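Welcome, and thanks for taking a look at this protein with us. Below is a short guided tour, meant to be read with the structure open beside you.

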Amino acid sequence: MFKIISKKLNYKIMFWLFILLTAGNMTIIYVVTLNVTANSVKSTKQNLDMLSDSMFQSLRNAMNTGDPVQINKAEDNARAIKGVSNLTIAKSQPLIDMYSPGTSLSKDSLIIQSFKDKKINIIESDNDNGHNLRMIKPMIATTDCL
């Protein structure tokens, strides 16, 4: 009689230990996955920031020359960087008025807002093409540019 009770008790204990270990392992895996994902996105944003700074420096240097060939070459080189799916250089209205009359202002509301508040915007999106980061960064002319 005692053997039967102890066998049933052993099975119950083993069953609940299995359930608790499984639940614990699944919780650990979930938390680790969340942390890795968050760290990956953070690292990607830092890399995007470094890449944009590098692209801005080369574009600014090319624009300071005033040579359209050099500017186009710098733009093409920036577009050819692996991981850059699209590079659009939008001109503000004062720049269009000064250098490119007849060119139209961007219709993208985020770009227009960036011209107004002069802040960097990073937009994350998940779609059929995967996880994308879009950076809108205004290039502000300083006295050394002029």
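The accessible surface of the protein chain comes to about 11800 Å², and carbon and sulfur atoms account for 61% of that area. Please keep in mind that this is a predicted model. Of the 146 residues in the protein chain, 13% are buried.

**Overall layout**

- The protein chain contains four helices and two strands.
- Reading from the N terminus on, you will meet these elements in the order α-α-α-α-β-β.
- Helix α1 covers residues 2-65, and helix α2 covers residues 68-79.
- Further along, helix α4 takes up residues 109-117, strand β1 residues 121-127 and strand β2 residues 130-136.
- If we take the contacts between residues at least 6 apart in sequence, 41% of them join residues at least 24 apart.

**The aromatic pair and the nonpolar patch**

- How many aromatic pairs does a search of the whole structure find? The search turns up one.
- That pair is made by phenylalanine 15 and tryptophan 16, which meet edge-to-face, with 5.3 Å from centre to centre and 75° between the planes.
- The label edge-to-face applies because the angle of 75° between the planes is over 60 degrees.
- Phenylalanine 15 is partly exposed, at a relative accessible area of 46%, whereas tryptophan 16 is exposed, at 52%.
- Tryptophan 16 counts as exposed because its 52% is over the 50% cut-off.
- Both residues also belong to a nonpolar patch on the surface, formed by Phe15, Trp16, Phe18 and Ile19, with about 460 Å² of accessible area together.
- Isoleucine 19, one of the patch members, has its place in helix α1 and is partly exposed, with 35% relative accessibility.

**Salt bridges between distant parts of the chain**

- Side chains of opposite charge can pair when their charged atoms come close.
- A search of the whole structure finds five salt bridges.
- One of them joins glutamate 124 to lysine 45, with 3.0 Å between the closest N and O atoms.
- Glutamate 124 is in strand β1 and lysine 45 is in helix α1, so this pair ties together parts that are 79 residues apart in sequence.
- Both partners are partly exposed: glutamate 124 has 38% relative accessibility, and lysine 45 has a relative accessible area of 30%.
- Another salt bridge runs between lysine 137 and aspartate 53, whose closest N and O atoms are 2.5 Å apart.
- This second pair also links distant parts of the chain, since lysine 137 sits in the segment after β2 and aspartate 53 in helix α1, 84 residues apart.
- Aspartate 53 is partly exposed, with a relative accessible area of 33%.
- Lysine 137 has a further partner to look for: it lies over the face of phenylalanine 56, at 4.8 Å from the ring centre.

**Glutamate 75 and its surroundings**

- Where is glutamate 75 found? Its home is helix α2.
- Glutamate 75 forms a salt bridge with arginine 79, and the closest N and O atoms are 3.6 Å apart.
- Both residues lie in helix α2, four residues apart, which is about one turn of the helix.
- These two are also part of a network of salt bridges that links Glu75, Asp76 and Arg79.
- Is glutamate 75 buried or exposed? Glutamate 75 counts as buried, because its relative accessibility of 15% is under 20%.
- Its partner arginine 79 is partly exposed, with a relative accessible area of 36%.
- Not counting residues up to four places away in sequence, glutamate 75 touches Leu59, Leu87 and Ile89.

**A backbone detail at lysine 118**

- Which sign does phi of lysine 118 have, positive or negative? Phi has a positive value, near 55°, in a residue other than glycine.
- You can find lysine 118 in the loop between α4 and β1.
- Lysine 118 counts as partly exposed, at 49% relative accessibility.

Definitions and conventions: Residues are numbered from 1 along each chain as its sequence is written. This is a predicted model: local features need pLDDT of at least 70, side-chain atom pairs count only at pLDDT 80 or more; totals for chains, interfaces and linings use all residues. Side-chain values use heavy atoms; hydrogens and water are left out. Buried means under 20% relative accessible area, exposed over 50%, partly exposed in between (1.4 Å probe, protein chains only). Contact means heavy atoms within 4.5 Å. Accessible areas come from the Shrake-Rupley method with a 1.4 Å probe; for residues, only the protein chains shown count as cover. Rings of Phe, Tyr and Trp (its six-membered ring) pair if their centres lie within 6.5 Å; planes under 30 degrees apart count as stacked, over 60 as edge-to-face and the rest as tilted. A charge sits over a ring if NZ of Lys or CZ of Arg is within 6 Å of the ring centre and within 35 degrees of the ring normal. A salt bridge is a side-chain nitrogen of Lys or Arg within 4 Å of a carboxyl oxygen of Asp or Glu. Patches are made of residues with over 30% relative accessible area and no salt bridge: like charges are joined within 9 Å, nonpolar side chains (Val, Leu, Ile, Met, Phe, Trp, Tyr) within 5 Å.
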